[in-house]
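Colleague: I would like a close look at one part of this predicted model. Please take the loop with the unusual backbone, then set it against the rest of the fold.

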Amino acid sequence: MRVILNSCHDSHAPPVEVENGAVIPCFECPARMAIIRSALEAIGSYRFEEAEFVTEDEIAAIHDRSYIRYLSDTAAELRRARGNTPRMQWPTVFPYGPNASSLPAGGRALRGKYCFDTYTPILGGTFAAAMSGASAALRAAELVGGGVERSVFVLTRPPGHHAERDRSGGYCYFNNASLAAERLAKLGRVAVLDIDAHHGNGTQHIFYDRSDVLTISLHGDPATLYPFFSGYTHETGTGMGIGANRNFPLPPATGPKEFRIALDAALEVVQRFQPAFLVLAFGADTHEDDPIGGFKLPTPFFRAMGMKIGELNLPTVITQEGGYHLDVIGGCVVEFLQGLAMNETKVVGQE
């Protein structure tokens, strides 16, 4: 399997995040990618490639241009910071009310307009890291859509599935899975399956009124788990997209048996949709040891999960999303990708 790398990921390295008013070490760190890469290199059957940067016009296929420019300009401003000037920016006010959609061109209000939480600061290298990850996702879609590869893994951070059309959040800035899906949708119907522990609100938001892209998410119940405001079963789409969004919220401490039942139901929805391509937003934060996921899936189950999804036998782009326990994330990714490849190989060989 080919692996597309984010060559600039470590230019975004927040030392801290803000949780309930407390400043704590950031779970989303550069070591995540280094550990996954080392685990894949130890297997020896993966081919690594870095993607060339795409243009901002290609990002604008799903993200608002003013949001893209805000991220770029803010990162540039922070790179120029000197002396005691802060090197990171967080929102402190989240605008609401009748004036929220017509804010002035600058000021602190924009931080809250373009970001919906306190986990997602902007640093001087954030824009480059986000652009590089988006470029990797689009390169993977190019390879899969062109028939060059059956499956491609996008090994990137920061993750992407929480990023909405014009807002960052959940450690995410550009929505890598959605960029891949948008590119593939030019060639045929696309199903996006999100198996991260947290609801992919960004992906849902971007395609919510579309009928050509099916969005499905298995995740912790948003009544108790981030992002809290989306991921409920009644959210099924709007307009042309009614019925093309499905959520499978799961209770805290969900284990293999319960997860398998939900996954089987989700895969049935995918099969009925009859997509030409699959985009898989993969998170290892469903592991039983993950510090912020709340699920109870052991490492071997990730192989079984991959094998089950592999039965779809669809050309697939896999994007790396969450997973924050550094001792287990590499093993989870290896088990999942090997399971996916085993079943794909088996099915293709029978044709």
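Modeller: Pro227 sits in the loop between strand E9 (213-220) and strand E10 (245-250). The peptide bond that joins Tyr226 and Pro227 is cis, with omega about 10°. Phe228 is found in that loop between E9 and E10 too. Its phi is near 75°, a positive value in a residue other than glycine. Most residues other than glycine have a negative phi, and most peptide bonds are trans. Phe228 is partly exposed, because its relative accessible area is 44%, and the partly exposed class runs between 20% and 50%. All of this comes from a predicted model.

Two other places have similar backbone features. A cis peptide bond leads from Arg157 to Pro158, with omega near 0°. Pro158 lies in the loop between strand E7 (151-155) and H6. Asn20 has a positive phi, near 55°, and is not a glycine. Asn20 belongs to the loop between strand E2 (16-19) and strand E3 (22-25). How exposed is Asn20? Asn20 counts as exposed because its relative accessibility is 77%, and the cut-off for exposed is over 50%.

Now go inward. Helix H6 (residues 176-184) holds Leu184. Leu184 is buried, because its relative accessible area is 1% and buried means under 20%. From Leu184 there is a link back to E9. Val213 is 29 residues from Leu184 in sequence, yet their C-alpha atoms are 9.6 Å apart. What does Leu184 touch, leaving aside neighbours within four places in sequence? Its contacts are Ala141, Gly145, Val190, Phe277, Val279 and Val317.

Next, the cores. In soluble globular proteins, nonpolar side chains tend to be buried together. Here the largest nonpolar core has 46 residues. Leu40, Phe153, Leu193, Phe259, Met305 and Ile309 have the most contacts inside this core. Helix H8 (residues 256-273) gives the most to this core, with eight residues. Another core lies apart from it, with 43 residues. Leu184 is among its members, as are Ile4, Ala140 and Tyr173.

Phe153 deserves its own entry. Not counting residues up to four places away in sequence, Phe153 touches Met1, Arg2, Val3 and Ile4, among others. Ile36 and Leu40 are also on that list. So are Ile318, Thr319, Gln320, Val333 and Leu337. Note the overlap in names: Leu40 is in the largest core, whereas Ile4 is in the other one.

Finally, the whole protein. There are 10 helices and 12 strands. The radius of gyration is 19 Å, close to the 20 Å that the globule rule gives for 351 residues, so the protein is as compact as a globular protein of that length. The C-alpha trace spans about 65 × 45 × 40 Å along its principal axes. Buried residues make up 56% of the 351. Take contacts between residues at least 6 apart in sequence: 77% of them join residues at least 24 apart.

The surface comes last. About 14000 Å² is exposed, and carbon and sulfur atoms supply 53% of it. The protein has 30 positive and 39 negative side chains. The centres of those two sets lie 3 Å apart.

Terms used:
Residues are numbered from 1 along each chain as its sequence is written. This is a predicted model: local features need pLDDT of at least 70, side-chain atom pairs count only at pLDDT 80 or more; totals for chains, interfaces and linings use all residues. Side-chain values use heavy atoms; hydrogens and water are left out. Helices (H or I, at least four residues) and strands (E, at least two) are DSSP runs, numbered from the N terminus. The radius of gyration is taken over C-alpha atoms; the globule rule is 2.2 Å times the number of residues to the power 0.38. Buried means under 20% relative accessible area, exposed over 50%, partly exposed in between (1.4 Å probe, protein chains only). Contact means heavy atoms within 4.5 Å. Accessible areas come from the Shrake-Rupley method with a 1.4 Å probe; for residues, only the protein chains shown count as cover. Lys and Arg count as positive and Asp and Glu as negative; His and the chain ends are not counted. The place of a charge is taken as NZ of Lys, CZ of Arg, CG of Asp or CD of Glu. A nonpolar core is a set of buried Ala, Val, Leu, Ile, Met, Phe, Trp, Tyr and Cys residues joined through side-chain atoms within 4.5 Å.
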